[in-house]
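I opened the notebook today to look up a few contacts in this fold. Here is what I jotted down, entry by entry.

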Amino acid sequence: MNIANQLTILRIILIPVFMFFMLGDLPGGRWIAAGIFIFASLTDFVDGYLARKLNLITNFGKFMDPLADKLLVTAALLCFVELGEVSSWIVMIIIAREFIVSIFRAIAASEGIVIAASWWGKVKTNVQMFAIIFLLFRNWPFEAMGWPVADLLMILAAILTVISGYDYIYKNRAVLK
């Protein structure tokens, strides 16, 4: 297994560790969870960079990298719902899109078609991750100014989630025929 795929697996392994610190009611747990989330998010950029630069792109990576992102984001959003910090309707939109796209990808894979992440999907993931980081830091530094940046980023993430899901299925609609 190449280094890019190992980083993807590491991101998945870090998810329960992140959740433990986020929900464990431990002194400094949220800060540790934030550090884990940021580190895990950075592995997404690094594994993609390494895969392209060193020609390490694999079907495993095309499938598992976006799945690892979805799992990480979903875990964080579920933590925020449990803590009462994010509305469940936003999380439901995001999770529903991820299920729909994952099922769509599975159908494509059953026909021997591997569909890589789209530009819209990458933008969506980045906005989701930045929204989560701002939520982890309780909207710092904007809370002092009364600017709801974290909340606005979550709404933007929900909008981009719908757009990217539509784009993904529309561009690959031949799979459904």
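**Entry 1: a pair within one helix.** I looked up K171 and found that K171 forms a salt bridge with D167, with 3.4 Å between the closest N and O atoms. I should say here that the model is predicted. Both residues sit in helix α6, four residues apart, which is about one turn of the helix. I then asked myself how accessible each partner is. K171 is exposed, at 57% relative accessible area. D167 counts as buried, at 11% relative accessibility, because the cut-off for buried is under 20%.

**Entry 2: the neighbour of that helix.** D167 turned up again when I listed what α5 meets in α6. The axes of α5 (residues 119-136) and α6 (residues 149-171) come within 8 Å and cross at roughly 160°. Since angles over 145 degrees count as roughly antiparallel, that makes α5 roughly antiparallel to α6. I noted the crossing as left-handed. On the α5 side the contact includes W120, F130 and F134, and on the α6 side L153, M154 and L160 are among the residues met. Sorted by class, the residues of this contact are 14 nonpolar, four polar and two charged.

**Entry 3: salt bridges across helices.** How many salt bridges does the structure hold? I wrote down 10. Next I followed R11, which forms a salt bridge with D47, the closest N and O atoms being 2.9 Å apart. R11 lies in helix α1 and D47 in helix α2 (residues 29-53), so this pair ties together parts that are 36 residues apart in sequence. Buried or exposed, I wondered about R11? R11 is buried, with a relative accessible area of 0%, and D47 is buried too, with 3%.

**Entry 4: R11 once more.** The side chain of R11 also meets that of D69 in a salt bridge, at 3.1 Å from N to O. This pair links distant parts of the chain, with D69 in helix α3 and R11 in helix α1, 58 residues apart. I checked burial for the two partners, and both D69 and R11 are buried. Stepping back, I found R11, D44, D47, D65 and D69 linked in a network of salt bridges.

**Entry 5: the helices that carry R11 and D69.** Last, I looked up how α1 and α3 run. The axes of α1 (residues 3-23) and α3 (residues 59-82) come within 9 Å and cross at roughly 5°. The two helices are therefore roughly parallel to each other. By class, their contact has 16 nonpolar, three polar and four charged residues.

Definitions and conventions:
Residues are numbered from 1 along each chain as its sequence is written. This is a predicted model: local features need pLDDT of at least 70, side-chain atom pairs count only at pLDDT 80 or more; totals for chains, interfaces and linings use all residues. Side-chain values use heavy atoms; hydrogens and water are left out. Axes are lines fitted to C-alpha atoms, for helices over the stretch in contact, and angles run from 0 to 180 degrees between N-to-C directions. Angles under 35 degrees count as roughly parallel, over 145 as roughly antiparallel, 65 to 115 as roughly perpendicular and the rest as oblique. A crossing is left-handed if the near helix is turned anticlockwise from the far one by less than a right angle, and right-handed if clockwise. Contact means heavy atoms within 4.5 Å. Ala, Val, Leu, Ile, Met, Phe, Trp, Tyr, Cys and Pro count as nonpolar, Asp, Glu, Lys and Arg as charged, and the others, Gly among them, as polar. A salt bridge is a side-chain nitrogen of Lys or Arg within 4 Å of a carboxyl oxygen of Asp or Glu. Buried means under 20% relative accessible area, exposed over 50%, partly exposed in between (1.4 Å probe, protein chains only).
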